[in-house]
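Dear colleague,

Please find below the structure that I am handing over to you, followed by an account of what was found in it. I should be grateful if you would read the account with the structure open beside it.

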Amino acid sequence: MALRRDLSGIGASRSKATGSRLSVAILVLFSVLNPLVFFFGRALYVSDQTSSSPKQNLDWRERLALQSFRSLLSREIIDVVTTSIADLESLSLDSFRQNNVSASWKVTGLETSVDNDTTYQKATGIKQETPGIKDGKVLDDGHSQSLDLSVEVLRRQLREERHEKRAAYLLQQDDEASVKLENAAIEHSKSVDSAVLGKYNIWRKENENENPDSTVHLLRDQIIMAKVYISIANMKNNSDLLKELQTRLKESQRALGEATVDADLHQSAPKKTKAMGLVLSKAKGILYDCKSVTGSLRAMLQTADEEVRGLKKQSTFLSQIAAKTIPNAIHCLSMRLTIEYNLLPAGQRKFPRSENLENPNLYHYALFSDNVLAASVVVNSTVMNAKDPSKHVFHLVTDKLNFGAMNMWFLLNPPGKATIHVENVDEFKWLNSSYCPVLRQLESAKMIDYYFKQTNLASGSSSLKYRNPKYLSMLNHLRFYLPEVYPKLDKILFLDDDIVVQKDLTGLWSVNLHGKVNGAVETCGESFHRFDKYLNFSNPNISKNFDPNACGWAYGMNMFDLKEWKKKDITGIYHKWQNLNEERTLWKLGTLPPGLITFYGLTHPLEKSWHVLGLGYSPSIDKRKIKNAAVIHYNGNMKPWLEIAMTKYQPYWTKYIKYDHPYLRSCKQTG
C-alpha cells in the first residue's frame, strides 16, 4: 500500500509532461519485478524455516506480538532475559502464555487462556499498543509519545511489584527463622528440671505476662511500706492512722499467707491490695518524711539481716546434728546383731584364715568404723571388684559398743574368700592418756567444758562442726598409730568407712612412693584446700615451719609405708605437734590438720583417678570422673546412709547392700 501511494505521487507530479509514457514504463517494470521478488523472498523464508526448529515457526500474529514486546523493553533488558533463559527453549509467545518466565517477570492476575490474545493487556491494567500498529494497521508517528509514557508506567509498576515481592519474601523468611528459634527455645525449656528453676520459666508459652506474680510482689511491697508508716505513725502519735494501717497490714498478711505465686492467692487478694493502696496513699500524704522513711527502712534491714544470720546459724547447727545422728534402722541393726552375738557360743565367734593376718605378701586394709552397714559396703565393694579376693585381708577396728554387731554381721555375711578380722579399740591397753596426747587432752576440764557445756554455743557456727562425737573417739585418731596396731606389716591401705571401691586396688601396692610415707591424692585447686585453710599461720610455730600455699591431700584412701613410718618416727612427730596444740591455737579439732603437719614433705601424690572426693557435699561432680574413679568418697555431712544424702549419688553406695537380708528387713532398712 505504501508503494502504491509512492506511485500515485509520482504519476501526479509528472502528469503534465510525460505522464502517460512514464507511467506505462514503470507499470511494466513493476509487473515484471514484483513476481521475481516475491518468489525469491518466499524461497529464502522456506529455507530459513526448514533449517530452524519447528517451534520457531511463528505465524504473523506471534511475530507482531514479539515486535510489540521488544518495543516495550530496552535492549539491555532483552539481553538479560535472553541470557537467563539461554538453556531453555527459544523465546515465544507460548512461553509467556504458559508462565514460563521467572518470578520477577510474572505479573499478578495474569490469565493463561491461549485463545485470548489480549491477556497481557488485561494483566497489566494498561492498554498496550505496538508502536505504529493498531488493529493490524500502520499508525502515524504521532501515537509514539503517548505509548512511551505507557511503557514507562508499565516498567515502574513491574519494578515496584518485584521490590514488593522481594521484601515480602525476605520478611517471610525472617518470620520463619524467628518462629523456629522460639520453638527450639520452648522445647529446650521443657527439658529443664522445673524443680530447680522454679514453677515459672520465661521461655514457656503460657508465661506471656511480663510481670508474673505481680500481685504477690505488690502485696509484699505494701506490707513493707505499711510497717514503715506504722513505725512513723507511732513516733508521731497518730493513733487513728496507726490503727488503720495495722488493720490493713493484718488483712494483707492473711491474704498473702504462704503464697509465692499469684495462683496461690486468695480471691480477696486484689481487693485487699486496693484497700491497702488507699491507706498507704493517705499515710504518704500525712506522714511521709524522707529522713524518717530512710531510718525506718534501715532499721528493718538491720533486723532482717540479724534474723537471716540467726537462721543460717541454726541451719548449720541442725545440719551438724543430722550428720551426727545414727538412723534408727542402723541402730536397730546394731542392737539385734549384738544380741545375736552374745547368744553365740565362743567356739563359733572366730573367723577363718587367721594365718593371713600377718602375711606381708598379701594386700592388707585398715578400716576403723562404728557403723556396721557402712563397713559392710567398704568390704563388699572391695571384694566384688578385686581380681583375686583370696589375697585381700581386712583389719576392722571398732568400739566396745559395736564390737559384737560388727563380728556378727561378718560371721553371717563372710566376704567370700577374703580374710577379715575385727578388733576392739578399747582392748588396746597401750593406747592410754600417758602415751597418747589427744586422750589426755580429751580428759581435760577445758575440753569437757568445750564439748559438754553450753557456754560456747554463741561462739559461732564454725565451732559447731568440731563438736562431732567422732572427734572424741580414738577410732578417729588411731590412724596415727598404724605400726603399733600392725607391727608385722610392711604396707597397708587405709580406708574410711564412707567410701565405695569401684575397681581393683592391688595396683596401689606397686606404686613407688620414692621414700615417702604416705601416698594420697592431692585436693588443692587454685587456692582451695591449701595449708592456710586448715592451719593458723598467725601462730609463729606454724608460719616458720610450713608454706601456706602448700597443697593439701585427702584422708579416706591412703597407702602407708610402715617401714618408712618407723624410720622417720611419724608417731613421734604427731605427738610433738599434738602437745603444742593443747590450747587449740595451731588448728581446730580434727585429724586432717595434724595429718598435714605430720606428713609434711612425706606425702607422695597419687593419680586423681584413684580417689574422687566430694560426694557428701558437692552436687556438681562430673559423672565421668565418678565412673573412672577407683574409689569414691562421701566426705561431708551428707553421708549416703542419712536422709540428707544427695539422692543422685546414693545408687553408687546402695548397690552393695542386700536389702532383702532378714535383719535389714526387720529393721526397715530401705534403699
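**Aromatic residues and their surroundings**

Trp 430 has a relative accessible area of 28%, so this residue is partly exposed. Please bear in mind throughout that the model is a predicted one. Trp 430 takes part in two of the ring pairs described here, one with Phe 428 and one with Tyr 435.

In the pair of Phe 428 and Trp 430, the ring centres are 5.8 Å apart and the planes stand at 15°; because planes under 30 degrees apart count as stacked, the pair is classed as stacked. Phe 428 has a relative accessibility of 11% and therefore counts as buried, the limit being under 20%. The pair of Trp 430 and Tyr 435 is edge-to-face, with 6.4 Å from centre to centre and 80° between the planes. Tyr 435, at a relative accessible area of 32%, is partly exposed. Over the whole structure, the search finds 23 aromatic pairs.

Two tyrosine rings have an arginine placed over them. The charged end of Arg 349 is positioned over the ring of Tyr 341, 4.5 Å from its centre. Over the face of Tyr 555 lies Arg 479, at 4.6 Å from the ring centre.

**The chain as a whole**

The protein chain contains 26 helices and twelve strands. Of its 671 residues, 38% are buried. Among the contacts in the chain with a separation of 6 or more, 73% are between residues 24 or more positions apart.

**The crossing of α9 and α11**

Helix α9 spans residues 214–235 and helix α11 spans residues 269–287; their axes come within 10 Å and cross at roughly 35°. The crossing is left-handed. On the α9 side, the contact is made by Thr 215, Leu 218, Leu 219, Gln 222, Met 225, Ala 226, Tyr 229, Ile 232 and Ala 233. On the α11 side, the residues are Ala 269, Thr 273, Met 276, Gly 277, Leu 280, Ala 283, Lys 284 and Leu 287. By character, the residues of this contact comprise twelve nonpolar, four polar and one charged.

Thr 273 of helix α11 may serve as an example. Leaving aside residues up to four places away in sequence, Thr 273 touches Thr 215, Leu 218, Leu 219 and Gln 222, and these four are among the α9 residues listed for the contact. With a relative accessible area of 8%, Thr 273 is below the 20% limit and is therefore buried.

**Two residues with positive phi**

Most residues other than glycine have a negative phi. Two residues that are not glycine may be noted against this background. Arg 353 has a positive phi of about 60°. The residue is placed in the loop between α13 (328–342) and β3 (363–368), and is partly exposed, with a relative accessible area of 31%.

His 514 has a positive phi of about 55°. Its place is the loop between β7 (499–501) and β8 (518–520). His 514 has a relative accessible area of 54%; because exposed means over 50%, the residue counts as exposed.

With kind regards

Methods. Residues numbered from 1 in each chain as written. Predicted model: local features only at pLDDT ≥ 70, side-chain atom pairs only at ≥ 80, totals over all residues. Heavy atoms only, no water. Axes fitted to C-alpha atoms, helices over the stretch in contact; angles between N-to-C directions. Left-handed = near helix turned anticlockwise from the far one by under 90°. Contact = heavy atoms within 4.5 Å. Nonpolar A, V, L, I, M, F, W, Y, C, P; charged D, E, K, R; others polar. Phe/Tyr/Trp six-rings, centres within 6.5 Å; stacked < 30°, edge-to-face > 60°. Buried < 20%, exposed > 50% of the residue type's maximum accessible area, 1.4 Å probe, protein only. Lys NZ or Arg CZ within 6 Å of the ring centre and 35° of its normal.
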